[in-house]
Amino acid sequence: MASKPPAACCATGFKHEGTPIGEVKNIDGVNTYITYPKDNKPFEKAIVFLADIFGIFPNSQLLADEFAKSGYLTIIPDLFQGDQISVADIESGKADLGAWLPKHQPINVDPVVESSIKYVSETLGMKKVGAVGYCFGAKTNKIDVGFIAHPSFITHEELGAIRGPLSIAAAETDSIFTTQLRHESEDTLIKVGQPWQINLFSGVAHGFAVRGDLNVQSQKWAKEQAFVQAVTWFNLYL
C-alpha cells in the first residue's frame, strides 16, 4: 500500500468560516458544486475536486472557490450520492466510519468521477482537466494533472500507473500516509518517470489541507501553502 484506508483521523478537524460563491447543480443525477473563474474571463481548464468523507460541505466549497479564483472552473461531484458523513454526526458521536466505508468503494465512487470528467471535457468543452483529492478522494486515469493532500486508499500499483504529473502534500503526523509509505511512494514515483513532487509539512496531521484549525498559525500556514502548492503545480503543468 502507498497509503492506508481512511481511519478516525479522517473524521476530525475544524469547520472553516466563509460563504461559498458557487452553485449546486444536478448533473446526470449527481449533485455537483460548480464554481467559475472570476471576472467572467475566458477559461478552458477545469479541476475536478474529489472531496473527503464530508462531501460537498463549506470547507471543500471554499477551497473550490479559491481554485476558481485562480482561473480554473472547479466542480465537486457528490461522490457519496447524499450519504456523506455529516459534521453533526461526528460531533454527536453517531458517525460509524466502519459501517459507512463498505458502501462507498471504488465500484460506487469511480462512475461518479468518470461522469464528472466527461461532463467538463465534453459538455463544457474544457481542453485540459486536473483533479485534486483530499483524504478520501477517488481514482481515475483520465486527467492531465493531479494533486493529492494526505492521501488514503492508494496502492503502489495505482501510484505506479499514473500517466501525468502528480503533486502530494503530506503531513508530519499521519497514521494513513506514514513516513515509510511516503518514502515507498517516492521510490514508486521515481520509477514511473512522470514529474512528481511531495511536500512534507511539519506540525500538522492528516486532514490539515482541508480541515486544519485556522486559529493555529502553523496549521493555517500549512493549509494555505498546500493550496499554493496545488495551484503552482496546475499553473505549470495543466
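Student: How do you know that S6 and strand S7 (residues 166–173) pair, and in which sense do they pair?
Tutor: S6 and S7 are joined over 4 bridges, in the parallel sense. Two strands pair if DSSP finds at least two bridges between them, so the 4 bridges of S6 and S7 qualify. One partnership to look for is Gly-146 with Leu-166 in S7.

Student: Before we go on, what kind of model is this?
Tutor: This is a predicted model, in which local features need pLDDT of at least 70 and side-chain atom pairs count only at pLDDT 80 or more, while totals for chains, interfaces and linings use all residues. Residues are numbered from 1 along each chain as its sequence is written, and side-chain values use heavy atoms, with hydrogens and water left out.

Student: What makes S6 a strand, and which residues does it cover?
Tutor: S6 runs over residues 145–149. Elements are DSSP runs numbered from the N terminus: helices are H or I with at least four residues, strands are E with at least two.

Student: Which other strand pairs with S6, and over how many bridges?
Tutor: Strand S5 (residues 128–134) pairs with S6 in the parallel sense over 5 bridges. Here Gly-146 stands opposite Ala-131.

Student: Why is S6 described as largely enclosed?
Tutor: Because 5 of its 5 residues are buried, S6 is largely enclosed by the rest of the structure. Buried means under 20% relative accessible area, exposed means over 50%, and partly exposed lies in between (1.4 Å probe, protein chains only). Val-145, Phe-147 and Ala-149 point one way, Gly-146 and Ile-148 the other way, and all are buried.

Student: Where does His-150 lie, and is it buried or exposed?
Tutor: Look in the loop between S6 and helix H5 (156–159). His-150 has a relative accessible area of 0%, so it counts as buried.

Student: What makes the approach of His-150 to Ala-209 a polar contact?
Tutor: The His-150 side chain reaches the backbone nitrogen of Ala-209 at 3.1 Å. A polar contact is a pair of N or O atoms within 3.5 Å; within protein, one must be able to donate a hydrogen and the other to accept it, and residues adjacent in sequence count only if both atoms are side-chain atoms.
Tutor: His-150 also touches several residues (contact means heavy atoms within 4.5 Å). Not counting residues up to four places away in sequence, they include Tyr-134, Asp-174 and His-206.

Student: Why is the pair of Trp-233 and Tyr-237 called tilted?
Tutor: The structure holds 14 aromatic pairs. In this one, the ring centres are 4.7 Å apart and the planes stand at 55°, so the pair is tilted. Rings of Phe, Tyr and Trp (its six-membered ring) pair if their centres lie within 6.5 Å; planes under 30 degrees apart count as stacked, over 60 as edge-to-face and the rest as tilted.

Student: How far apart are Trp-233 and Tyr-237 in helix H8 (residues 217–237), and how accessible is Trp-233 or Tyr-237?
Tutor: They are 4 residues apart, about one helical turn. Trp-233 is buried at 8%, whereas Tyr-237, at 29%, is partly exposed.

Student: What makes Lys-128 partly exposed, and where is it?
Tutor: Lys-128 belongs to strand S5. Its relative accessibility is 35%, so it counts as partly exposed. Among the residues that Lys-128 touches, beyond four places in sequence, are Glu-44, Asp-144 and Tyr-237.

Student: How many cavities does a search of the whole structure find, and what lines the largest?
Tutor: The search finds 1 cavity of 30 Å³ or more, and the largest holds about 50 Å³ of space. On a 1 Å grid over the protein atoms alone, a cavity is a set of points where a 1.4 Å probe fits but cannot get out; lining residues have an atom within 4 Å of a point. Its lining includes Ile-27, Val-112, Ser-116 and Tyr-119. Helix H4 (106–123) gives the most to this lining, with 4 residues.

Student: How do you know that Ser-116 is buried, and what does its side chain approach?
Tutor: Ser-116, which sits in H4, has a relative accessible area of 7%, so it is buried. A polar atom of its side chain lies 2.9 Å from the backbone oxygen of Val-112. Beyond its neighbours within four places in sequence, Ser-116 is in contact with Val-48, Ile-75 and Pro-77.

Methods:
1 Å grid on protein atoms, 1.4 Å probe; cavity = no way out; pocket = protein on both sides within 12 Å on 5 of 7 lines; lining within 4 Å. Points joined across faces, edges and corners; volume = space filled by probe spheres on them.
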